[in-house]
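This report describes a single protein chain, going from its overall make-up to individual residues. The sequence and the structure are shown first.

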Amino acid sequence: MANAKRITLYDLQLASGCTISPFVWATKYALAHKGFEVDIVPGGFTGILERTGGRSERLPVIVDEGKWVLDSWLIAEYLDATYPDRPTLIGGPSVKTLTKFLEGWLWRTAVTPWFGCYIKDYRDLSLPQDHAYVTSSREAMLGRKIEDVQAGREDRLPHVPPTLEPFRQILRESKWLGGDRPDYADYRALAVFLWTGSVATTPPLTADDPLRDWLDRGFDLYGGLGRHPGMHTLFGLKLRPGDPEPFTKEPARGGLASRNTGPASTRAETEMLTRARAAH
Ligand SMILES: N[C@@H](CCC(=O)N[C@@H](CS)C(=O)NCC(=O)O)C(=O)O
(Lines give C-alpha, C1' and ligand atoms only; values in the text may rest on other atoms or scores of the structure.)
Protein backbone atom coordinates (compact mmCIF):
# COMPACT_ATOMS: atom_id res chain seq x y z
CA MET A 1 0.00 0.00 0.00
CA ALA A 2 1.52 3.30 -1.14
CA ASN A 3 0.67 5.19 2.04
CA ALA A 4 2.34 2.65 4.32
CA LYS A 5 5.67 2.97 2.53
CA ARG A 6 8.63 3.23 4.88
CA ILE A 7 11.90 5.10 4.42
CA THR A 8 14.96 4.74 6.64
CA LEU A 9 16.43 7.94 8.10
CA TYR A 10 19.83 8.17 9.78
CA ASP A 11 19.26 10.59 12.64
CA LEU A 12 21.70 12.85 14.50
CA GLN A 13 20.65 12.86 18.12
CA LEU A 14 21.48 14.23 21.53
CA ALA A 15 21.63 12.05 24.64
CA SER A 16 17.87 12.63 25.13
CA GLY A 17 17.19 11.07 21.73
CA CYS A 18 16.11 14.47 20.41
CA THR A 19 17.33 15.36 16.92
CA ILE A 20 19.86 18.20 16.98
CA SER A 21 20.77 18.71 13.34
CA PRO A 22 18.64 21.32 11.51
CA PHE A 23 19.28 19.39 8.30
CA VAL A 24 17.86 16.21 9.83
CA TRP A 25 14.89 18.16 11.22
CA ALA A 26 14.09 19.52 7.75
CA THR A 27 14.30 15.98 6.38
CA LYS A 28 12.02 14.56 9.08
CA TYR A 29 9.39 17.14 8.13
CA ALA A 30 9.95 16.49 4.41
CA LEU A 31 9.34 12.75 4.90
CA ALA A 32 6.22 13.42 6.99
CA HIS A 33 4.91 15.91 4.40
CA LYS A 34 5.29 13.26 1.69
CA GLY A 35 3.37 10.84 3.91
CA PHE A 36 6.10 8.29 4.57
CA GLU A 37 6.54 6.18 7.65
CA VAL A 38 10.11 6.56 8.91
CA ASP A 39 12.44 3.99 10.40
CA ILE A 40 14.98 5.92 12.42
CA VAL A 41 18.56 4.75 12.74
CA PRO A 42 19.62 6.41 15.99
CA GLY A 43 23.04 7.83 16.78
CA GLY A 44 25.09 10.91 17.52
CA PHE A 45 28.03 12.79 16.04
CA THR A 46 30.63 10.05 16.17
CA GLY A 47 30.53 6.90 14.09
CA ILE A 48 28.45 8.32 11.21
CA LEU A 49 30.81 6.87 8.59
CA GLU A 50 30.61 3.43 10.21
CA ARG A 51 26.82 3.58 10.63
CA THR A 52 26.35 4.44 6.98
CA GLY A 53 28.70 1.74 5.73
CA GLY A 54 31.36 4.28 4.66
CA ARG A 55 28.89 6.29 2.55
CA SER A 56 28.71 9.58 4.48
CA GLU A 57 30.38 11.67 7.18
CA ARG A 58 27.33 13.93 7.48
CA LEU A 59 23.66 13.46 8.23
CA PRO A 60 20.86 13.25 7.17
CA VAL A 61 21.04 10.21 4.95
CA ILE A 62 17.98 8.23 3.83
CA VAL A 63 17.61 4.78 2.34
CA ASP A 64 14.61 4.20 0.08
CA GLU A 65 14.17 0.68 -1.31
CA GLY A 66 17.92 0.14 -1.05
CA LYS A 67 18.77 3.51 -2.65
CA TRP A 68 20.96 5.73 -0.48
CA VAL A 69 20.36 9.47 -0.75
CA LEU A 70 22.63 11.96 1.05
CA ASP A 71 22.12 15.66 1.87
CA SER A 72 18.91 17.34 3.05
CA TRP A 73 18.33 19.40 -0.11
CA LEU A 74 19.11 16.47 -2.40
CA ILE A 75 16.76 14.31 -0.34
CA ALA A 76 13.91 16.83 -0.72
CA GLU A 77 14.53 17.02 -4.48
CA TYR A 78 14.73 13.24 -4.71
CA LEU A 79 11.43 12.83 -2.85
CA ASP A 80 9.64 15.28 -5.15
CA ALA A 81 11.17 13.76 -8.29
CA THR A 82 10.52 10.16 -7.26
CA TYR A 83 7.07 10.66 -5.73
CA PRO A 84 5.35 13.38 -7.80
CA ASP A 85 1.96 11.93 -6.89
CA ARG A 86 2.51 12.80 -3.22
CA PRO A 87 2.28 16.38 -1.85
CA THR A 88 4.97 18.60 -3.34
CA LEU A 89 7.71 19.96 -1.09
CA ILE A 90 9.38 22.42 -3.45
CA GLY A 91 6.75 23.87 -5.74
CA GLY A 92 9.15 25.36 -8.27
CA PRO A 93 12.61 26.79 -8.84
CA SER A 94 11.75 30.11 -7.18
CA VAL A 95 10.71 28.33 -3.96
CA LYS A 96 14.13 26.73 -3.87
CA THR A 97 16.00 29.97 -4.52
CA LEU A 98 13.98 32.08 -2.11
CA THR A 99 14.06 29.41 0.59
CA LYS A 100 17.83 29.31 0.34
CA PHE A 101 17.91 33.07 0.69
CA LEU A 102 15.62 32.98 3.74
CA GLU A 103 17.61 30.19 5.27
CA GLY A 104 20.92 31.97 4.67
CA TRP A 105 19.46 35.08 6.28
CA LEU A 106 18.15 33.10 9.28
CA TRP A 107 21.52 31.45 9.76
CA ARG A 108 23.31 34.77 9.66
CA THR A 109 20.74 36.50 11.85
CA ALA A 110 19.87 33.81 14.38
CA VAL A 111 21.91 30.61 14.10
CA THR A 112 25.29 32.34 14.23
CA PRO A 113 24.63 34.28 17.45
CA TRP A 114 22.67 31.43 19.04
CA PHE A 115 25.44 28.96 18.20
CA GLY A 116 27.75 31.10 20.33
CA CYS A 117 25.13 31.34 23.10
CA TYR A 118 24.36 27.61 23.28
CA ILE A 119 27.57 25.89 22.23
CA LYS A 120 28.38 24.55 25.70
CA ASP A 121 24.79 23.27 26.08
CA TYR A 122 25.14 21.70 22.61
CA ARG A 123 28.21 19.79 23.79
CA ASP A 124 26.87 18.95 27.27
CA LEU A 125 23.57 17.63 25.86
CA SER A 126 25.27 15.44 23.26
CA LEU A 127 25.78 11.72 23.84
CA PRO A 128 28.55 11.06 26.38
CA GLN A 129 30.68 9.34 23.73
CA ASP A 130 30.40 12.48 21.55
CA HIS A 131 31.60 15.04 24.11
CA ALA A 132 35.30 14.90 23.23
CA TYR A 133 34.65 15.09 19.48
CA VAL A 134 32.07 17.88 19.75
CA THR A 135 34.43 19.86 21.97
CA SER A 136 37.49 19.51 19.75
CA SER A 137 35.65 19.96 16.42
CA ARG A 138 33.63 22.98 17.56
CA GLU A 139 36.66 24.58 19.21
CA ALA A 140 38.52 24.12 15.91
CA MET A 141 35.56 25.77 14.13
CA LEU A 142 35.30 28.68 16.59
CA GLY A 143 38.99 29.12 17.40
CA ARG A 144 38.22 29.40 21.13
CA LYS A 145 37.22 27.27 24.09
CA ILE A 146 33.53 26.41 24.14
CA GLU A 147 33.12 27.82 27.66
CA ASP A 148 34.68 31.14 26.61
CA VAL A 149 32.43 31.40 23.55
CA GLN A 150 29.25 30.83 25.57
CA ALA A 151 30.25 33.12 28.48
CA GLY A 152 28.27 36.36 28.75
CA ARG A 153 25.34 35.12 26.67
CA GLU A 154 22.84 36.97 28.89
CA ASP A 155 24.22 40.19 27.40
CA ARG A 156 23.96 38.93 23.80
CA LEU A 157 20.67 37.00 23.73
CA PRO A 158 18.37 40.08 23.96
CA HIS A 159 19.95 41.48 20.78
CA VAL A 160 18.82 38.62 18.55
CA PRO A 161 14.96 38.86 18.63
CA PRO A 162 14.77 42.39 17.18
CA THR A 163 16.76 41.27 14.13
CA LEU A 164 14.03 38.73 13.25
CA GLU A 165 11.46 41.45 12.49
CA PRO A 166 11.35 40.98 8.69
CA PHE A 167 10.55 37.31 9.26
CA ARG A 168 7.79 38.18 11.75
CA GLN A 169 6.34 40.58 9.23
CA ILE A 170 6.01 37.87 6.58
CA LEU A 171 4.33 35.53 9.04
CA ARG A 172 1.87 38.24 10.09
CA GLU A 173 0.68 38.28 6.49
CA SER A 174 0.74 34.59 5.67
CA LYS A 175 -0.27 31.56 7.70
CA TRP A 176 2.66 29.55 6.37
CA LEU A 177 5.59 30.44 4.15
CA GLY A 178 3.95 27.98 1.75
CA GLY A 179 0.68 29.97 1.86
CA ASP A 180 -2.37 28.06 3.16
CA ARG A 181 -0.28 25.03 3.98
CA PRO A 182 3.35 24.46 4.93
CA ASP A 183 5.94 23.53 2.37
CA TYR A 184 9.69 22.98 2.36
CA ALA A 185 10.33 26.69 3.02
CA ASP A 186 8.49 26.32 6.34
CA TYR A 187 10.43 23.17 7.20
CA ARG A 188 13.82 24.75 6.46
CA ALA A 189 12.92 27.75 8.60
CA LEU A 190 11.33 25.66 11.36
CA ALA A 191 14.48 23.54 11.41
CA VAL A 192 16.47 26.57 12.60
CA PHE A 193 14.20 26.89 15.63
CA LEU A 194 14.02 23.13 16.20
CA TRP A 195 17.81 23.06 16.34
CA THR A 196 17.71 25.97 18.78
CA GLY A 197 15.10 24.26 20.96
CA SER A 198 17.19 21.11 21.08
CA VAL A 199 20.09 22.96 22.74
CA ALA A 200 18.70 26.13 24.36
CA THR A 201 18.71 25.60 28.13
CA THR A 202 17.73 29.25 28.50
CA PRO A 203 15.10 30.69 26.13
CA PRO A 204 16.10 32.82 23.13
CA LEU A 205 12.70 34.49 22.55
CA THR A 206 10.31 36.40 24.82
CA ALA A 207 7.07 34.71 25.88
CA ASP A 208 4.99 37.13 23.79
CA ASP A 209 7.01 36.85 20.58
CA PRO A 210 4.59 36.92 17.61
CA LEU A 211 6.65 34.15 15.97
CA ARG A 212 5.21 31.84 18.61
CA ASP A 213 2.01 31.18 16.65
CA TRP A 214 3.83 29.87 13.56
CA LEU A 215 6.40 28.03 15.68
CA ASP A 216 3.75 26.29 17.80
CA ARG A 217 1.75 25.29 14.72
CA GLY A 218 4.94 24.07 13.05
CA PHE A 219 6.11 22.04 16.02
CA ASP A 220 2.61 20.50 16.29
CA LEU A 221 2.53 19.32 12.66
CA TYR A 222 2.43 15.60 11.92
CA GLY A 223 1.36 14.51 15.36
CA GLY A 224 3.70 16.88 17.19
CA LEU A 225 6.84 15.99 15.27
CA GLY A 226 8.71 18.89 16.88
CA ARG A 227 7.56 18.10 20.42
CA HIS A 228 10.26 15.70 21.55
CA PRO A 229 10.56 15.59 25.37
CA GLY A 230 14.23 16.57 24.98
CA MET A 231 13.24 19.94 23.50
CA HIS A 232 13.58 23.10 25.56
CA THR A 233 11.07 25.91 25.37
CA LEU A 234 12.04 28.77 23.08
CA PHE A 235 9.94 31.27 25.03
CA GLY A 236 10.63 33.08 28.26
CA LEU A 237 13.64 35.29 27.57
CA LYS A 238 13.70 37.86 30.40
CA LEU A 239 14.65 41.33 29.32
CA ARG A 240 16.59 43.73 31.52
CA PRO A 241 16.43 47.51 31.62
CA GLY A 242 18.25 48.87 28.58
CA ASP A 243 17.67 45.79 26.42
CA PRO A 244 16.20 46.56 22.98
CA GLU A 245 12.49 46.02 22.23
CA PRO A 246 12.32 42.37 21.11
CA PHE A 247 9.78 43.01 18.34
CA THR A 248 7.81 45.84 16.80
CA LYS A 249 4.50 46.36 18.58
CA GLU A 250 3.13 48.97 16.14
CA PRO A 251 1.43 47.57 13.04
CA ALA A 252 3.83 47.83 10.12
CA ARG A 253 3.27 50.79 7.81
CA GLY A 254 4.72 52.16 4.63
CA GLY A 255 5.66 50.94 1.20
CA LEU A 256 6.55 47.37 2.08
CA ALA A 257 3.69 46.67 4.44
CA SER A 258 0.74 48.37 2.76
CA ARG A 259 -1.06 47.98 -0.55
CA ASN A 260 -1.68 51.07 -2.65
CA THR A 261 -5.35 50.93 -3.58
CA GLY A 262 -5.60 54.63 -4.35
CA PRO A 263 -5.15 57.96 -2.51
CA ALA A 264 -7.36 56.99 0.43
CA SER A 265 -4.96 54.16 1.26
CA THR A 266 -1.89 56.43 1.29
CA ARG A 267 -3.50 59.54 2.83
CA ALA A 268 -2.12 59.09 6.36
CA GLU A 269 1.36 58.49 5.02
CA THR A 270 1.12 61.46 2.67
CA GLU A 271 0.00 63.71 5.55
CA MET A 272 2.95 62.57 7.61
CA LEU A 273 5.36 63.17 4.70
CA THR A 274 3.86 66.57 4.03
CA ARG A 275 4.09 67.54 7.70
CA ALA A 276 7.73 66.52 7.75
CA ARG A 277 8.42 68.71 4.71
CA ALA A 278 6.51 71.68 6.19
CA ALA A 279 8.52 71.43 9.40
CA HIS A 280 11.86 71.82 7.59
N1 LIG B 1 24.71 19.82 3.26
C2 LIG B 1 24.39 18.82 4.25
C3 LIG B 1 24.91 19.26 5.63
C4 LIG B 1 24.77 18.14 6.65
C5 LIG B 1 25.56 18.43 7.91
O6 LIG B 1 26.50 19.27 7.93
N7 LIG B 1 25.20 17.74 8.99
C8 LIG B 1 25.90 17.90 10.24
C9 LIG B 1 24.93 18.07 11.37
S10 LIG B 1 24.16 19.63 11.44
C11 LIG B 1 26.70 16.65 10.54
O12 LIG B 1 26.38 15.57 10.06
N13 LIG B 1 27.72 16.79 11.37
C14 LIG B 1 28.55 15.72 11.76
C15 LIG B 1 29.77 16.24 12.46
O16 LIG B 1 29.73 17.34 12.96
O17 LIG B 1 30.73 15.47 12.52
C18 LIG B 1 22.86 18.60 4.28
O19 LIG B 1 22.13 19.54 3.93
O20 LIG B 1 22.41 17.50 4.60
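The text below takes up the overall fold, then the strands, then the nonpolar core, and finally a few single residues.

**Overall make-up**

The model is a predicted one, and its secondary structure comes to 11 helices and 4 strands. Taken along the principal axes, the box that the C-alpha atoms fill is roughly 75 × 50 × 30 Å. Of the 280 residues in the protein, 46% are buried, and among contacts with a separation of 6 or more, 73% are between residues 24 or more positions apart. The protein exposes about 14,200 Å², of which carbon and sulfur atoms supply 57%. Its charged side chains number 35 positive and 35 negative, and the centres of these two sets lie 2 Å apart.

**The strands around S3**

Strand S3, which spans residues 61–64, is paired on two sides: 3 bridges join it to strand S1 (residues 6–10) in an antiparallel arrangement, and 4 bridges join it to strand S4 (residues 67–70), again antiparallel. Between S1 and S3, Tyr10 has Val61 as its bridge partner, while between S3 and S4 it is Asp64 that stands opposite Lys67. Both faces of S3 are covered, with Val61 and Val63 buried on one side and Ile62 and Asp64 buried on the other.

Asp64 deserves a closer look, since a charged residue in this strand counts as buried because its relative accessibility is 2%, under the 20% limit. Leaving out residues up to four places away in sequence, Asp64 touches Lys5, Ile7, Tyr78 and Tyr83.

**Backbone features beside the strands**

Most residues other than glycine have a negative phi, and most peptide bonds are trans. Against that background, three places next to S3 and S4 can be described. The peptide bond from Leu59 to Pro60 is cis, with omega near 15°, and Pro60 lies in the loop between helix H2 (48–51) and S3. The hairpin of S3 and S4 has 2 residues between the strands, and there Glu65 takes a positive phi near 50°. Glu65 is exposed, with a relative accessible area of 68%. Asp71, which is not a glycine either, has a positive phi of about 85°; this residue lies in the loop between S4 and helix H3 (72–82), and at 39% relative accessibility Asp71 counts as partly exposed.

**The nonpolar core and helix H10**

Which residues have the most contacts inside the largest nonpolar core? That core has 69 residues, and the ones with the most contacts inside it are Leu79, Trp114, Phe193 and Leu215. For Phe193, the contacts beyond its neighbours within four places in sequence include Trp114 and Leu215 from that group, and also Leu106, Leu164, Phe167, Leu205, Leu211, Trp214, Phe219 and Leu234.

Several of these partners belong to helix H10 (residues 211–224), whose buried residues are Leu211, Trp214, Leu215, Gly218, Phe219, Leu221 and Gly224. The buried residues of H10 pack against three other helices, namely H1 (22–33), H8 (165–173) and H9 (184–199).

**Two buried helix residues**

Val199 has its place in helix H9 and is buried, with a relative accessible area of 0%. Its contacts, not counting residues up to four places away in sequence, are Leu14, Ile20, Tyr118, Asp121, Tyr122, Leu125 and His232. The C-alpha atoms of Val199 and Ser126 are separated by 9.1 Å, although the two residues are 73 residues apart along the chain.

Gln150 lies in helix H6 (residues 146–150). With the same exclusion of residues up to four places away in sequence, Gln150 touches Gly116, Cys117, Tyr118, Ile119, Lys120, Asp121 and Arg156. Tyr118 and Asp121 thus appear among the contacts of Gln150 and also among those of Val199.

The table sets out the relative accessible area of the single residues discussed above.

| Residue | Relative accessible area | Class |
|---|---|---|
| Val199 | 0% | buried |
| Asp64 | 2% | buried |
| Gln150 | 9% | buried |
| Asp71 | 39% | partly exposed |
| Glu65 | 68% | exposed |

Notes:
Residues numbered from 1 in each chain as written. Predicted model: local features only at pLDDT ≥ 70, side-chain atom pairs only at ≥ 80, totals over all residues. Heavy atoms only, no water. Buried < 20%, exposed > 50% of the residue type's maximum accessible area, 1.4 Å probe, protein only. Contact = heavy atoms within 4.5 Å. Areas by Shrake-Rupley, 256 points an atom, 1.4 Å probe, with all protein chains shown as cover. Lys, Arg positive; Asp, Glu negative; His and termini not counted. Charge placed at Lys NZ, Arg CZ, Asp CG, Glu CD. Pairing = 2+ DSSP bridges. Core = buried A, V, L, I, M, F, W, Y, C linked by side-chain atoms within 4.5 Å.
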